[in-house]
Amino acid sequence: MVDSASLLAVLPELILTAGGLVLMLVAAFGGDGSARVVNWLSVITLAIAGLALSCSLAHGPDAFDGLYRADAFSVFAKALIYGAAAAAILLAPRFFSVDGAPRPEYPVLILFAAIGMGMMVSAGDMLTLYVGLEMNSLASYVLASFMRQDERSSEAGLKYFVLGSLASGILLYGISLLYGFTGSTGFDGIAVALGDGVSKGELFGLVFVLAGLAFKISAVPFHMWTPDVYEGAPTPVTTFFASAPKVAAMGLTVRVAIEALGPAGLDWQQIVIFVALASILFGAVAAIGQTNIKRLMAYSSINNVGFALIGLAAGTPAGVAGTMSYMAIYVLMTIGAFACILQMRDADGKPIETIASLAGLSQSRKGLAAALAIFMFSMAGIPPLFGFWAKFLVFDAAVAAGLTALAAFGIAASVIGAFYYLKIIKTMYFDEPTVAYEAKGGPVENIVLTACAVVIVLGYLLNPVLDQASAAAAASLF
């Protein structure tokens, strides 16, 4: 039933919908000249939607008869999603202005994707899950091929569309199996049915649903689209893909596993452990030989997803809290790293993506080299940077849940992953200089990467706030 309380719960989505529609009209009538205005208004819309999250939380946990969840978990995830989306919008204008005027459709597409991502993390029913996921995906397919004249961008969009459609079909098949054998599409109804024992049909449905979700978080063995799409898509779009949708997909996976499939924990735990181990190992090994920094970041994201899944594998409130804290810190590291990558430009302002071009950067751009080094050290999990705390939380939760072997494997694999992060630092600080980058970056890029670097270095001061927020988010699922 639709009532005022339910509408209040979805206030952030309503704000984004209204803002997106209005800005789409502004873009249509104003043309490319309205890009700057649309950009800033999109960021303001995301900020207003973020402020509306408190109203959503005040309503209570359920809306629309259980189709939608407005709880601490969804608020935590949406805060990360809106922040990452705003950063992706702010970092874009300078990149797109190189080959012509910035286009106002870009921020509008991100707003519509944010609506879908908000529905994903607030889903209380398989139908809400699918509608939100597809809304995000449709905007993402267009964003991946946003630079139509660029062959790599068009190829990335096509690959993402074809493989994304396959994953959606797998997910729908799993949903249909769960509905057929449990008699419900609601998470609560599925959990009640699974509480009576898991039949073979329900087990097959569970496997297909998790396979479809694994594609969205780019976990092994459903990672095949990630390197090509990350490399081919425009760099601001890659920044977006590596942050906001990753949080949404991980949040959705956690909610489905805990709320809908909770009684079948022993069954899905084995799948999550395998996917986590495979993602950590493959992401670490496959990144070693990469020469393109965006492809390297793609394998890095696969590797990081594996670490985040260790917390989910624990299946405890502490594990879920660790996973969400990990995603928060991962978003900061990723946005900061891509803000640095966006400053890799030649004298004509054209983007450069080769790792070799970073040689001698510490001599020509000391600040940029130092910031990128901070993000690489943090991703490698080197203390005392914030990335170390992210890994510690998921390992600690795994050990407390009796998964000591899984935690030990993760710690050992961290050493392999550290190799390619340290390789970038070695290139910047010890190799002979090659191509010189532009003398300075854009002010917005500098502000974003400086803010991210400061938080990564001084992040432990935020631990009380982060721990409390992630614990409250996890508690709302149990």
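Colleague: Is the crossing of helix 20 and helix 21 left-handed or right-handed?

Modeller: This is a predicted model, in which local features need pLDDT of at least 70 and side-chain atom pairs count only at pLDDT 80 or more, while totals for chains, interfaces and linings use all residues. Residues are numbered from 1 along each chain as its sequence is written, and side-chain values use heavy atoms, without hydrogens or water. Helices are DSSP runs (H or I, at least four residues) numbered from the N terminus, and a crossing is left-handed if the near helix is turned anticlockwise from the far one by less than a right angle, right-handed if clockwise. For helix 20 and helix 21 the crossing is left-handed.

Colleague: Which way does helix 20 run relative to helix 21, roughly parallel or roughly antiparallel?

Modeller: Their axes, lines fitted to C-alpha atoms over the stretch in contact, lie 7 Å apart at about 155°. Angles run from 0 to 180 degrees between N-to-C directions, and those under 35 degrees count as roughly parallel, over 145 as roughly antiparallel. Helix 20 is therefore, relative to helix 21, roughly antiparallel.

Colleague: At what angle do the axes of helix 16 and helix 20 cross?

Modeller: Helix 16 covers residues 293-314 and helix 20 residues 386-400. Their contact (heavy atoms within 4.5 Å) includes Phe307 of helix 16 and Phe395 of helix 20. The axes come within 8 Å and cross at roughly 35°.

Colleague: Which helix gives the largest share of the largest nonpolar core?

Modeller: A nonpolar core is a set of buried Ala, Val, Leu, Ile, Met, Phe, Trp, Tyr and Cys residues joined through side-chain atoms within 4.5 Å, buried being under 20% relative accessible area (1.4 Å probe, protein chains only). This core has 165 residues, with Phe241 among those touching the most other members. The largest share, 16 residues, comes from helix 17.

Technical notes. Helices (H or I, at least four residues) and strands (E, at least two) are DSSP runs, numbered from the N terminus. Angles under 35 degrees count as roughly parallel, over 145 as roughly antiparallel, 65 to 115 as roughly perpendicular and the rest as oblique. Buried means under 20% relative accessible area, exposed over 50%, partly exposed in between (1.4 Å probe, protein chains only).
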